[in-house]
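Open the model in your viewer and keep the selection panel at hand. We will go from stop to stop, selecting as we go.

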Amino acid sequence: MKQKERKAGQKKTSGPSGESRRDNRASRPPKPVARPAAARETVREAAAPAAVERLLTARSGERPAERVPVILDSLGAGDFHLIDSGDGQKLEQYGPYRIIRPEAQALWQPSLPSHVWEKVDAVFTGDTDEEGTGRWRFPKAALGETWPLNLLGVDFLGRFTSFRHVGVFPEQIVHWSWMKDHVERAGRPLKVLNLFGYTGVASLVAAAAGAEVTHVDASKKAIGWARENQALGRMEKLPIRWICEDAMKFILREERRGSQYDIILTDPPKFGRGPNGEVWHLFEHLPLMLDVCREILSPQAVGLVLTAYSIRASFYSIHELMRETMRGAGGVVESGELVIREAGLDGKTPGRALSTSLFSRWVPK
Ligand SMILES: C[S@@+](CC[C@H](N)C(=O)[O-])C[C@H]1O[C@@H](n2cnc3c(N)ncnc32)[C@H](O)[C@@H]1O
């Protein structure tokens with residue numbers, strides 16, 4: 001059994017920010033001696049600052065059963081569908097608007113003729129990096145920054161953002177409808193934690209279905225947009241706590257307080273920053289994040305859902321991490337990819353599958 005030495009938000013003391021973990025490993029202290037088996041064993045450093053003191057828990061017990069590969073395939077829902085893709089781009093329908101955005105995975109050629117691709121309302125041009133700036137071009141008429149959309153019965157605003165996003169990640173629909181079903185069937189108000197919650201569509205879906213929701217995001221702007229979405233759907237009375245905080249810091253505090261959740265959704269970026277400059281680096285911090293998430297799952301938990309949309313990795317990397325994290329908890333870990341299927345101009349004609357992210361989900365059975 002090992003006590004792992006990786007810590008949350010740990011800052012490097014030298015070297016450029018992109019320096020690899022391999023360099024850090026060289027200076028790690030030796031592994032502590034083995035201890036007797038225990039289902040859960042956490043070691044804390046007494047006087048360390050809050051965000052860096054929590055070490056990984058040494059888990060024992062059987063790994064949960066597994067279901068792999070699971071491909072969660074969506075033809076779209078509500079106001080969204082993928083019309084066509086190809087030549088490094090995708091053509092999407094968001095309510096009244098047809099939109100073209102860069103899509104590196106669309107290596108093939110478009111199915112639909114060029115005149116369809118030419119008659120669009122908005123095209124994202126410029127930098128295609130996740131965090132890169134860029135521009136929107138509106139070939140027909142200048143459009144406002146936002147427009148109303150509906151998914152799974154929830155109203156929210158589509159939004160032309162400078163990072164090529166449109167205020168929603170519709171590939172998440174499959175997780176959101178899974179969550180909605182569970183919340184509706186629970187017979188009690190489930191407690192849902194939505195980490196990296198962005199504009200709050202998942203939080204609104206959960207609350208509309210009857211959950212008590214805690215939504216966490218580091219961006220004040222995103223929280224503001226989420227609140228706007230809540231107001232748009234006249235959902236202000238629903239129990240949602242909007243929290244602008246570093247996700248890791250928040251869950252560490254929840255663990256110390258003994259808070260518990262029935263469903264946790266976590267959809268972290270590869271890199272991110274908390275409001276006070278806390279560093280999130282998926283490959284460094286995901287094991288600890290899942291570890292803490294496990295500790296704050298309630299005994300009647302319905303699921304822990306991880307998506308990873310921005311990393312180059314196999315789904316097995318998050319699958320095996322999830323199974324290790326959930327050792328001794330029983331249940332099943334199912335992992336694979338979220339894909340959006342082309343649905344043609346009518347939204348009903350299945351075409352090619354576009355992979356959008358990896359996912360891994362623990363469920364109790
Ligand atoms: C791609 S979005 C997640 C999308 C969201 N799950 C959805 O489907 O609508 C990533 C979000 O993570 C947030 N973020 C980045 N670093 C963070 C951190 N350290 N703590 C909390 N949120 C963070 C960003 O502000 C952004 O809103």
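A residue counts as exposed if 12 or fewer other C-beta atoms lie within 10 Å of its own, and as buried if 20 or more do. Keep in mind that this is a predicted model.

**The whole chain**

Start with everything selected. The chain has eight helices and 17 strands. Of its 365 residues, 38% count as buried. Take the contacts between residues at least 6 apart in sequence: 65% of them join residues at least 24 apart.

**The ligand**

Now select the ligand and what surrounds it. The shell holds 22 residues. Phe196, Ala218, Ser219, Asp267 and Gly272 are the closest. By type, the shell divides into eleven nonpolar, six polar and five charged residues. Which elements each supply at least two residues of the shell? Colour helix 4 (201–209), strand 10 (212–217) and strand 13 (271–273) to see them.

**Strand 10**

Stay with strand 10. Is it mostly covered or mostly open? Five of its six residues are buried, so by the cut-off of 20 C-beta atoms it is mostly covered. Add strand 9 (191–195). Strands 9 and 10 run parallel, joined by five bridges. For one pair, select Val192, which stands opposite Val213 in strand 10.

**Helix 5**

Select residues 220–232, helix 5. At 1.5 Å a residue, its 13 residues should span 18 Å. The C-alpha atoms at its ends are 18 Å apart, so the model agrees. Which of its residues are buried? Pick out Ala222, Ile223, Trp225, Ala226, Asn229 and Gln230. Look down the helix axis: these buried residues fall within an arc of 160 degrees, so they line one face of helix 5. Turn to the other side, where Lys220, Lys221 and Ala231 are exposed.

What do the buried residues of helix 5 pack against? Show strand 8 (154–159), helix 4, strand 10 and strand 11 (240–244). Then step past the end of the helix to Arg234, which has a positive phi near 50 degrees.

**Helix 6**

Next, select residues 247–257, helix 6. Ala247, Met248, Phe250, Ile251 and Leu252 are buried here. Their cover includes strand 9, strand 10, strand 11, strand 14 (279–281) and helix 7 (282–295). Just after helix 6 comes Gly258, with a positive phi of about 80 degrees.

**Ile311**

Go to Ile311, in the loop between strand 15 (303–308) and helix 8 (315–325). Why does Ile311 count as partly exposed? It has 15 C-beta neighbours inside 10 Å. Set aside its neighbours within four places in sequence, and Ile311 is in contact with Lys270 and Leu282. Now draw a distance to Phe283. The two residues are 28 apart in sequence, and their C-alpha atoms are 9.0 Å apart.

**Three backbone stops**

Most residues other than glycine have a negative phi, and most peptide bonds are trans. The next selections go against that pattern.

- Val68 to Pro69: the peptide bond is cis, with omega near -15 degrees. Pro69 sits in strand 1 (residues 65–74).
- Asp87: its phi is positive, near 55 degrees. Look for Asp87 in the loop between strand 2 (80–86) and strand 3 (89–94). With 12 C-beta neighbours inside 10 Å, Asp87 counts as exposed.
- Arg164: its phi is positive too, about 65 degrees. Find Arg164 in the loop between strand 8 and helix 3 (173–185). Arg164 is buried, as 21 other C-beta atoms lie within 10 Å.

**Strands 1, 16 and 17**

Finish with strand 1, strand 16 (residues 332–341) and strand 17 (residues 353–363). Which way do the pairs run, parallel or antiparallel? Strands 1 and 16 are parallel, with eight bridges between them. Select Ile71 and its bridge partner in strand 16, Glu337. Strands 16 and 17 are antiparallel, and ten bridges join them. Here Val333 has Trp362 as its bridge partner in strand 17.

How values were computed
Residues numbered from 1 in each chain as written. Predicted model: local features only at pLDDT ≥ 70, side-chain atom pairs only at ≥ 80, totals over all residues. Near = placed C-beta within 6 Å. Helix = DSSP H or I, 4+ residues; strand = E, 2+ residues; numbered from the N terminus. Nonpolar A, V, L, I, M, F, W, Y, C, P; charged D, E, K, R; others polar. Expected span 1.5 Å × (residues − 1). Arc of directions from axis to C-beta. Contact = placed C-beta atoms within 7 Å. Pairing = 2+ DSSP bridges.
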